[in-house]
Amino acid sequence: MLRRCGFTEFVTLCCLLLLECLKVAGNVPFAQEVSDLHWHRAVATWYGSPEGDGSDGGACGYGSLVDVKPFRARVGAVSSMLFKKGEGCGACYKVRCLDKSICSRRAVTIIITDESPGNYGANIGRPHFDLSGAAFGHMAVHGRNTVLRNRGELPVMYRRTPCKYRGKNIAFHVNSGSNDNWLSLLVEYEDGDGDIGSMHIREANSNDWIEMNHLWGANWCVNRGPLKGPFSVKLTTLSTGRTLSARDVIPRNWSPKATYTSRLNFL
């Protein structure tokens with residue numbers, strides 16, 4: 001016997017059909033989110049001025065971006081086990097300290113922009129976070145930021161969290177030295193995983209995706225040519241394999257040192 005479909009069921013069915021259509025379109029990722037519900041042990045230090053923003057560039061290659069919002073005062077360096085030879089660049093973590101007499105219950109959210117000097121974490125057998133003075137002090141209870149920083153080194157807990165750049169879409173910075181035969185890109189403001197596992201570009205009037213090589217930090221390049229724009233860019237995250245394609249995001253008359261913003265992001 002057939003049963004009539006109620007309004008709620010009808011809406012649910014429509015939503016499921018819409019999701020399937022978006023999956024087919026390929027522009028919106030539906031893989032598992034990067035959130036980690038479990039806290040892990042690590043150690044944290046801080047560097048720079050006590051209320052400073054931290055790194056003035058770093059091993060990820062973000063350059064002056066680390067000095068302005070949303071990066072400002074949220075940057076951090078990590079040991080090799082989280083840096084992952086640069087493929088961990090852009091990932092976001094929540095970090096909180098443990099001493100209840102001085103530590104707040106809130107965690108600070110940081111963005112990986114650099115690698116810890118001297119592979120610090122390997123010497124202690126657990127990950128190391130080297131935070132800006134401002135981020136380190138943010139873990140303290142109200143009014144005790146300076147006292148917390150005076151500790152110098154602290155046991156902390158950390159967990160992975162999705163990156164959220166409200167009001168921003170993924171952007172592609174064309175690195176200095178790029179030309180028709182060598183193109184290097186830096187990805188900015190990637191919501192969700194924040195990291196990159198692979199990148200491809202597609203030239204004008206082509207159906208073929210050209211794989212880019214991981215250069216260093218968060219920088220990727222392709223060495224062949226002559227390359228003809230406009231270029232579409234496809235990136236796949238390292239952590240969950242989510243994929244996003246930005247069509248013709250880099251124009252035909254692109255320039256080195258220019259940044260081109262897409263209309264897309266993962267969240």
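The second largest pocket in this predicted model comes out at a volume of about 150 Å³. Its lining is made up of R74, K94, T109, T161, P162, C163, K164 and R166. Sorted by class, that lining holds 4 charged residues, alongside 2 polar and 2 nonpolar ones. The charged members are R74, K94, K164 and R166, while T109 and T161 make up the polar pair and P162 and C163 the nonpolar one.

As for the largest pocket, its volume is about 180 Å³. Lining this pocket are 10 residues, and A246, R247, S262, R263 and L264 sit closest to the centre. Strand β14, which spans residues 243-250, is the top contributor here, supplying 5 residues to the lining. The class split for the largest pocket runs to 4 polar, 3 charged and 3 nonpolar residues.

Then there is the matter of confidence. Across the protein the pLDDT averages 84, and 81% of the residues reach at least 70. Two stretches fare poorly, though. Residues 1-5 have a pLDDT below 50, and the model gives this stretch 3 contacts beyond near neighbours in sequence. Over residues 10-31 the pLDDT likewise stays under 50, with 14 contacts in the model beyond four places in sequence. Where pLDDT is low, predicted coordinates should not be read in detail, so the contacts listed for residues 1-5 and for residues 10-31 are best taken loosely.

Note on methods: Residues are numbered from 1 along each chain as its sequence is written. This is a predicted model: local features need pLDDT of at least 70, side-chain atom pairs count only at pLDDT 80 or more; totals for chains, interfaces and linings use all residues. Side-chain values use heavy atoms; hydrogens and water are left out. On a 1 Å grid over the protein atoms alone, a cavity is a set of points where a 1.4 Å probe fits but cannot get out, and a pocket is an open set with protein on both sides within 12 Å along at least five of seven lines; lining residues have an atom within 4 Å of a point. Grid points are joined across faces, edges and corners, and a volume is the space filled by probe spheres set on the points. Helices (H or I, at least four residues) and strands (E, at least two) are DSSP runs, numbered from the N terminus. pLDDT is the predictor's confidence in each residue, from 0 to 100. Contact means heavy atoms within 4.5 Å.
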